Amino acid sequence: MDVQQFREFGKAAVDYIADYFQTIRDRPVLSSVHPGYLGELLPPEPPQSGESWQDVLQDVDRIIMPGLTHWHSPNFHAYYPTAHSFPAVVGEMMSAGFGCVGLSWVASPAYTELEVAMMNWLGKLLHLPDDFLNCSEGPGGGVIQGSASEVTFVALLAAKEKKVKDLRLLHPELTEADIKGKLVAYSSDQSNSSVEKSGLLGSMPMRLLPTDEKGRLTSAALIEAIEKDKAQGLIPCYVVACLGTTPTCAFDDLTDLGPVCIRENIWLHVDAAYAGTALACPEYRYLMKGVEFADSFNFNPHKWMLVNFDCSAMWVKDARYLVEAFNVERIYLKDNHKGLAPEYRHWQISLGRRFRALKLWFVLRIYGVEGIQKHVRHQISLAKHFEELARNDARFEVCTSSMGLVCFRLKGNNQLTQDLLEKVQDRKNIYVIAGKFHGKFVIRFAICSRLTQISDVEYAWQEFLSQAESIVPSNKTKIVDEITEKKSIATIELSSAACDNNEKSKVRMLFPDDDNPNEIDRNIWFQQDGATPHFSLEDFTHKL
Ligand SMILES: *Cc1c(COP(=O)(O)O)cnc(C)c1O
């Protein structure tokens, strides 16, 4: 492909993406293909001679597009968001266009230096303590990793390095193997699966401790587990606290957990993968109180901060433990890890590095702090709106609501909510997934797409309502059914006691030719003040 064809192909591709975004609202959010569909459409061998880009682009539309789940559809409410914005897309494109590999400072100075600067910007955006930042005095600093999973694992390795070093200073007779075989890590049973995985990969048993009624890990549970392990000769090494858990977006209290970690000399890592972006807004910063106790901190701009996957921001208070854990050269570059030119390959698993800082720079400049704050506040307000809709229907209960995530269910046994979820998923008009919270089956409703508006949230709610009707009919339906059955109803009376109660009201249905009115318990929504009101059938059906 020559440069002229590249211009044409590239521009056509940008147009294709732009068209995709302009039509995404009208596409079914979930794909309807069957497993193996693509194998049937692709030739078994690569083409012998090259094809035209026009043919390739056409096939994207023909065979790839039908197999996409539209994560940026306003009707996508599953998982957590994955970020997307046009500035970030262009950033990705340019990074590919430059095609460097930032394996050292000299391999592409702009790669390293923009990353240093962006990690400072980001740290300041969140108001992280200065000692995490590259620009501070001292050994702290930030680096961009590929994912929160990677960060949790990398921090575990640094924690291990630190623990071995600290203990061997105190007990030179212990070997590295003696110590490493005894290390244990802790997190909560609400933490992301990647936390458990980091323990597996790092050969450090990860204790997933029970949480309180709000889904938080408490110091009491942590201390109990630590004492138990110490009594067995094990060595507590690593704690992963969570700001915004994956199941319900619960926030561990760092002021509660932090002092325990300090006292026990345990590395405290803070996983704020999703919710970290909210810390860009001053009104949510109270949630990270105690962050100064942490040794490392992570959030994913690629989740909620409009930077396309992958971009996971990691800060450490003392980067020397990373460098010492990962520097295969084992040459202690005097403070070379910080300042203007850290050798980031010693801060990560891979040797090669992508130019991730570029898309971050584009997003921070083109949105600005205000643009990011506006995005976060808008999405939270949409979740609040959904929460209100759910709270206003007595058949539903909202179990948790935090940031852009609402976990709700139908009152009653779990099967009802499971049935509702299945019905909604089968229809494919919106996409939501299940969750479990304290034994309750819940539906996780997350605000994901930056295109989602209040009308989309209302559409989603209608989708739930329409499917809930056949599982737990609303009173409206029940009464209307009865009215239809018994055409002779003339008046419906509400008992006055019921009128004082928002939720449950007793409805008496009075039949003109019946001396014994048929009394039926019903929940109805509307309230009447004062004395027992009487409604004519017309009034009643109208109010319904
Ligand atoms: C999404 C999530 C992760 C995993 O993020 P990746 O970047 O995909 O590895 C970890 N922790 C929490 C709290 C998350 O929400």
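## Reading the ligand shell, Lys-303 and the core

User: Which residues surround the ligand most closely?

Analyst: A residue is near a molecule if its C-beta atom, placed from the backbone, lies within 6 Å of it. Here 15 residues surround the ligand, and the closest are Ser-147, Ala-148, Ser-149, Asn-192 and Ala-273. This is a predicted model, in which local features need pLDDT of at least 70, side-chain atom pairs count only at pLDDT 80 or more, and totals for chains, interfaces and linings use all residues. Residues are numbered from 1 along each chain as its sequence is written.

User: How many residues of each class does the shell around the ligand have?

Analyst: Ala, Val, Leu, Ile, Met, Phe, Trp, Tyr, Cys and Pro count as nonpolar, Asp, Glu, Lys and Arg as charged, and the others, Gly among them, as polar. The shell has five nonpolar, nine polar and one charged residues.

User: At which residue does UniProt place a modified residue?

Analyst: UniProt positions follow the numbering used here, feature names are shortened, and annotations may be inferred rather than shown by experiment. The unreviewed UniProt entry places "modified residue: N6-(pyridoxal phosphate)lysine" at Lys-303.

User: Is Lys-303 buried or exposed?

Analyst: A residue is buried if 20 or more other C-beta atoms lie within 10 Å of its own, exposed if 12 or fewer, and partly exposed in between, with C-beta atoms placed from the backbone. Lys-303 counts as buried because it has 25 C-beta neighbours inside 10 Å. Ala-220, by contrast, counts as exposed, with 12 such neighbours.

User: Which residues is Lys-303 in contact with?

Analyst: Two residues are in contact if their C-beta atoms, placed from the backbone, lie within 7 Å. Leaving aside neighbours within four places in sequence, the contacts of Lys-303 are Tyr-80, Pro-81, Thr-82, Ala-83, Ala-273, Tyr-274 and Thr-277.

User: Which residues touch the most other members of the largest nonpolar core?

Analyst: In soluble globular proteins, nonpolar side chains tend to be buried together. A nonpolar core is a set of buried Ala, Val, Leu, Ile, Met, Phe, Trp, Tyr and Cys residues joined through C-beta atoms within 7 Å. The largest has 129 residues, of which Cys-237, Tyr-238, Val-239 and Leu-268 touch the most other members. Helix α13 (residues 356–391) gives the most to this core, with 15 residues. Helices (H or I, at least four residues) are DSSP runs, numbered from the N terminus.

User: How many residues of α1 are buried?

Analyst: The count is zero among the 21 residues of α1. In the protein as a whole, 40% of the 544 residues count as buried.

Notes
Helix = DSSP H or I, 4+ residues; strand = E, 2+ residues; numbered from the N terminus.
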